[in-house]
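Subject: Structure handover

Hello,

Here is the structure you are taking over. My notes follow below it.

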Amino acid sequence: MPPIGCGFKAAVIGCGSAGRGHAEKAQSLGLEVVGFGDQLEDAAERARTEFGGRYATTDAGRIMRDDSIDVVLIATHHDAHHPLAIAAAEAGKHILLEKPMCLTYAQAVEVAEAVEKAGVKCVINCKFRIAPAVRKVRQLLPRPRVSHGQLAMSESENIGNPWLWRADDGGGLLISTTVHTIDLLGYLMDDAADRVYAEGRVFGDNKGSEGYPDALVGTILWKNGGISTVISTDQGENPLASKWFLEIWDGERTAVLSAHMNRADFSGCDVGYVDARELPRETQDNAAMMVNLIEAIRTDGDTLCNARDGAHAVAICNALDAAARTGTPQTVQ
Ligand SMILES: NC(=O)c1ccc[n+]([C@@H]2O[C@H](COP(=O)([O-])OP(=O)(O)OC[C@H]3O[C@@H](n4cnc5c(N)ncnc54)[C@H](O)[C@@H]3O)[C@@H](O)[C@H]2O)c1
């Protein structure tokens with residue numbers, strides 16, 4: 001059988017580490033990567049040289065006007081997700097959009113509306129949704145009551161990305177990175193958030209001037225009565241728990257997700273654990289949001305993290321940030 005992406009043409013916009021990863025993944029799935037766009041000519045040209053392709057450009061409009069392109073892979077700094085995703089949808093392109101979908105919920109809703117109006121497929125790259133261990137948790141604990149999610153990483157991991165701490169194009173640790181955890185909590189609780197509480201601190205002296213917390217502790221109340229806690233910090237990674245860590249309880253069963261979301265350990269279930277690293281290579285390779293996007297295009301189905309899902313995660317992040325800044329609980333939009 002030909003690879004799933006055969007016959008589709010793609011372009012990457014944002015040719016940094018994530019964008020180049022998308023080019024490599026796209027080629028491995030059989031997509032032809034035609035165009036490389038970046039605000040920096042060098043970055044676009046370097047990627048074109050590395051992966052081949054017809055052109056490199058600093059003009060995203062060239063990609064949008066290119067009728068040969070079916071899929072746009074957007075991996076820029078966060079401020080550009082909003083205008084680029086809207087332009088891609090209006091040009092009739094299917095979209096893989098990096099997380100966070102946008103910096104604000106209002107922007108994310110505009111993207112979702114543009115995607116729905118154009119009838120294109122869009123997947124937000126909240127990639128842990130498709131991780132085999134996560135899918136097993138969702139299957140075995142479909143109605144959790146209580147959960148805890150955390151992102152705990154070392155400060156040095158983001159040293160090469162000072163833009164993450166800028167208001168203009170980054171938005172701080174919570175929306176830049178912990179958005180994965182927030183999205184997973186929503187996915188596993190299978191519910192919409194109602195209200196949040198949070199407190200934040202800034203411990204590091206390398207966090208820019210915006211006051212985004214490098215340690216935030218929050219509470220999320222879900223509409224159906226479930227409750228979650230969340231920790232977002234770059235004050236150190238615990239190798240036992242891993243950078244990404246979740247616990248879920250449903251009153252009878254429990255699940256613990258660790259090892260960078262590769263592993264789920266269960267109690268009260270027939271299954272003791274799932275470890276994705278023990279699964280066949282092909283299963284691991286297919287656990288990717290780009291595969292999910294191509295399947296959605298081919299079957300005219302929905303994606304595993306559509307634009308409304310992405311917008312909801314942004315809404316929760318915005319509310320947690322506001323709660324930490326003001327010291328008052330916030331209603332999630
Ligand atoms: N899903 C994941 O697990 C994951 C992992 C890493 C990064 N990311 C996301 O991928 C995106 C890119 O991150 P990165 O680590 O590759 O950053 P990076 O800084 O390495 O690369 C970003 C590139 O985008 C370009 N760019 C920025 N604004 C632009 C604009 N307006 N138009 C065109 N190009 C623009 C920059 O010049 C740069 O080359 C971010 O959204 C980030 O959060 C996701």
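To begin with one residue: is H260 buried, exposed or partly exposed? Keep in mind that this is a predicted model. H260 is partly exposed, with a relative accessible area of 37%; the class of partly exposed covers what lies between under 20% for buried and over 50% for exposed. The residue sits in the loop between β12 and β13. Its phi is near 55°, a positive value in a residue other than glycine.

A259 is in the loop between β12 (254-258) and β13 (263-267) as well. Phi of A259 is near 50°, again positive although the residue is not glycine. With a relative accessible area of 18%, A259 counts as buried, since the cut-off for buried is under 20%. As background, most residues other than glycine have a negative phi, and most peptide bonds are trans.

The second part of that background applies to another place in the chain. K99 and P100 are joined by a cis peptide bond, with omega at about -15°. P100 belongs to the loop that runs between β5 (94-97) and α5 (105-118).

The ligand

K99 also appears at the ligand. Which residues come nearest to the ligand? Of the 19 residues around it, these are A18, D38, H78, K99 and K127. The shell around the ligand is made up of 5 nonpolar, 10 polar and 4 charged residues.

Three polar contacts can be listed:

- K99: an N or O atom in its side chain is 2.8 Å from an oxygen atom of the ligand.
- Q39: a polar backbone atom is 3.0 Å from a nitrogen atom of the ligand.
- S17: a polar backbone atom is 3.2 Å from an oxygen atom of the ligand.

How much of the ligand does the protein bury? On its own the ligand exposes 850 Å², and the protein buries 81% of that.

The core

The largest nonpolar core contains 108 residues. Those with the most contacts inside this core are L31, I95, M101, L257, F266 and I316. Helix α10, residues 307-326, is the element that gives the most to the core, with 11 residues. Where does the core lie relative to the domains? Domain 1 (9-126 + 286-306) and domain 2 (128-279 + 313-331) both give residues to it, so the core lies between them.

A311 is a residue of helix α10. Its relative accessibility is 3%, so A311 counts as buried. A311 and Y105 are 206 residues apart in sequence, while their C-alpha atoms are 5.9 Å apart in space.

Other residues

M290 is located in helix α9, residues 289-299. At 4% relative accessibility M290 is buried. Along the chain M290 and G327 are 37 residues apart, and their C-alpha atoms are separated by 39 Å.

D42 is part of helix α2, residues 41-51. Is D42 buried or exposed? D42 has a relative accessible area of 58%, so D42 is exposed, the cut-off for exposed being over 50%. From D42 to S28 the distance is 24 Å between C-alpha atoms, with the two positions 14 residues apart in chain numbering.

S209 is in the loop between β8 (193-201) and β9 (215-222). Its relative accessibility is 70%, which means that S209 counts as exposed. S209 and A112 are 97 residues apart in sequence and 31 Å apart in space, C-alpha to C-alpha.

If you look through the structure in order, I would suggest the ligand, then the core, then the loop between β12 and β13 that holds H260.

Regards

Note on methods:
Residues numbered from 1 in each chain as written. Predicted model: local features only at pLDDT ≥ 70, side-chain atom pairs only at ≥ 80, totals over all residues. Heavy atoms only, no water. Near = heavy atom within 4 Å. Polar contact = N/O pair within 3.5 Å; in protein donor to acceptor, adjacent residues only side chain to side chain. Areas by Shrake-Rupley, 256 points an atom, 1.4 Å probe, with all protein chains shown as cover. Nonpolar A, V, L, I, M, F, W, Y, C, P; charged D, E, K, R; others polar. Core = buried A, V, L, I, M, F, W, Y, C linked by side-chain atoms within 4.5 Å. Buried < 20%, exposed > 50% of the residue type's maximum accessible area, 1.4 Å probe, protein only. Helix = DSSP H or I, 4+ residues; strand = E, 2+ residues; numbered from the N terminus. Domains from an automatic or database assignment.
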